[in-house]
Amino acid sequence: MFKLVSDYKPSGDQPEAIDNLVKGINEGMRAQTLLGVTGSGKTFTMANIIEKVQRPTLVLAHNKTLAGQLYAEFKELFPENAVEYFISYYDYYQPEAYIAATDTYIEKDSSINDEIDRMRHEATKSLLTRDDVIIVASVSCIYGIGEKEDYLSLALMLEVGLEIPMDTVMGQLINMQYTRNDFDLSRGSFRRKGDVIDIWTPDSEHTLTRISFFGDEIDKISYVDAITGKTEYTKDYIELFPASHYATGRAKLNKAIDRIEAELEVRLAELREAGDMIAAYRLEQRTRYDMDMLRETGFCKGIENYSRHIAGREAGEPPCTLMDFFPNDFLLFIDESHQTIPQVGAMYNGDRSRKEMLVQYGFRLPSAFDNRPLKFNEFEQRMGQTVFVSATPADYEKDHSEQVVEQVIRPTGLLEPEIFVRPVDGQIEDILAELKEQKKTGDKSLIMTLTKRMAEDLTDFLKKENVRVTYLHSDIKAVERMQILNQLRNDEVDVIVGINLLREGIDLPEVSLLMILDADKEGFLRSERSLIQIIGRCARNDHGRVILYADEVTDSMMNAVSETNRRRAIQQAYNKEHGITPKTIKKAVRDVFDIVSENSRDSSGKGRGKSKGGIDAERLINEGVSGGTEEENKKLIEKLTVEMTKAAKELDFEKAAEIRDIIIELKGKK
């Protein structure tokens, strides 16, 4: 049973939202929308729904950072249940690609995070062995992961008293893609010592499964600590799952090899008939080598490109994904659905366009097209009962939802900001006057422009007026972007001028004033949804204000202002009824560059950068990257790689991404 553990009880409009959504689920509604503003406790509402409905649940997020936050929250709310995490297991991923214009082949390059791979295996195992499962996943869950039927058919069931030779057990483990290593045991491997087989299953963090034999009979099944060897507990029965999601039986694999070779002959004939002998030679060499590896080891590099044949699917059939591991009655929450849904819809076409070049020029067989994410209509068929969660639902959610449930009251009492519309004529003078007032209170400001040049020109003008200001746009790398945001929060600058300040991770409670130039220029950056989202950035401050500079009031402006004022009125009434005084959110400033204990040192032994606790990012970018020797950069890359891996293991993907960008900068200067 799902059991929610929390000191808090639903408040504000959470109880009504929970009851309405649960009622809709019980009545069989296919899709509903939870329209919840930032700070209203949407995650807590989802948790209460899960507890009341008691069904396995998939929570889908559009990036790793958001998924990590949700995973941590659900893990805390459901400590007695199986809360699992399923995202792409790559710390770094460069997909295989071919650029015909420059005749450049880019080989697949990746760095797999071992801990995330373990958590993926733990997620699929939990789905197959228990009912109280919550999986928090990124959109990578719509990619193929191997066949569920093969995964289940290869599972090894052992129990105390079972008569089975040790060699038979080890042979089955090898078929399940485990490797034997009697000296250095790691996840996905096993070793034999006398009458004992130790197995480090792919889902285990630091515990070995020990199978003790007496002759050909299993005498004992125990779990031991991988480091100390101390027995933690024993069991009478165990079910072991494959070490790889792509594992398959030998008979099925042999049939797949025959199918691949048949496809190869057809494709070679096509290429030769077209006179493309180079592509034909290239394809034959690679495929023959892969088939030899499959025959000998049951595995090859890039095995996922043959997944259609291994699974026995026909061309065009959808792959088996994480969603297929769920029972038919599972519950799906799509968080930030206005961004997640378009991302899911775009993934197939992006994958297809890259592979068309690989297939055309003989790097892959056409069956590689079927190693792909789900098409959007295929995703829809697997959605089950769904709750879209967003502060600004898009048309898709509105069109497909049988009911929209609002949750616009914040337990903190914070209000939506006040909105003012002012003319374009005289806007620069008005901006200067507002910034002077902001300086007196110590509050920070954001200014939104439509173009990069406008952002840079306005920044230059404000600097001449002695305003502490900087600009932020897409040309600025992620590392510098986070540095700029911290400069604002650390009172090093007072104003940031930017184009699209809706990026993930921008959470600035110090900002009390937002000024939007050209608010009447209809388009993506001035749409109703974008305006509502950006206006919400000032909802973390108890005296937030937004000024829209425009010559006319567009429909998008009118709708955004009306919706913001409606939500503000609801919160005001709630605050008055319950005697709540809104207070600005206090959030610690995290130094995103405090990532290694020391920087690289120059030949004199003097440290570059901060003397204590981390890298001085500006010095690193301006001196360490451009002025460091090759040896210095190499040493720094090694340190940063360790820190990047550590951050990813701790699920701090924002930090890992920042470190990765510095590494890329360093490598580019080697």
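How much area does the chain expose, and what share of it do carbon and sulfur atoms supply? The chain exposes about 30,800 Å², and carbon and sulfur atoms supply 48% of it; such accessible areas come from the Shrake-Rupley method with a 1.4 Å probe, and for residues only the protein chains shown count as cover.

Before you click around, note that this is a predicted model: local features need pLDDT of at least 70, side-chain atom pairs count only at pLDDT 80 or more, and totals for chains, interfaces and linings use all residues. Residues are numbered from 1 along each chain as its sequence is written, and side-chain values use heavy atoms, with hydrogens and water left out.

**Stop 1: the whole chain**

Show everything as a cartoon. The chain has 20 helices and 25 strands. These are DSSP runs numbered from the N terminus: helices are H or I with at least four residues, strands are E with at least two. Of the 670 residues, 52% are buried, meaning under 20% relative accessible area (over 50% is exposed, in between is partly exposed; 1.4 Å probe, protein chains only).

**Stop 2: a six-stranded sheet**

Now select residues 179 to 235. Here an open sheet with mixed pairing runs in the order β10-β11-β12-β13-β14-β15. Its edge strands, β10 (179-180) and β15 (231-235), each pair on one side only. Two strands pair if DSSP finds at least two bridges between them. Strands of a sheet pair through backbone hydrogen bonds, either parallel or antiparallel.

**Stop 3: strand β13**

Select residues 207-214. Six of the eight residues in this strand are buried, so β13 is largely enclosed by the rest of the structure.

Add β12 (residues 196-200), which runs antiparallel to β13 and is joined to it by four bridges. Look for I199 opposite T209 and I197 opposite I211. The two strands form a hairpin with six residues between them.

Next add β14 (residues 217-225), which pairs with β13 in the antiparallel sense over eight bridges. L208 stands opposite V224. This hairpin has two residues between its strands, and G215 in the turn has a positive phi of about 70°.

**Stop 4: T201**

Finally, zoom in on T201, in the loop between β12 and β13. Is T201 buried or exposed? T201 counts as buried because its relative accessibility is 7%. Leaving aside neighbours within four places in sequence, T201 is in contact (heavy atoms within 4.5 Å) with Y178, R187, G188, T209 and L240. Select F241 too: its C-alpha atom is separated from that of T201 by 7.8 Å, although these residues are 40 apart along the chain.
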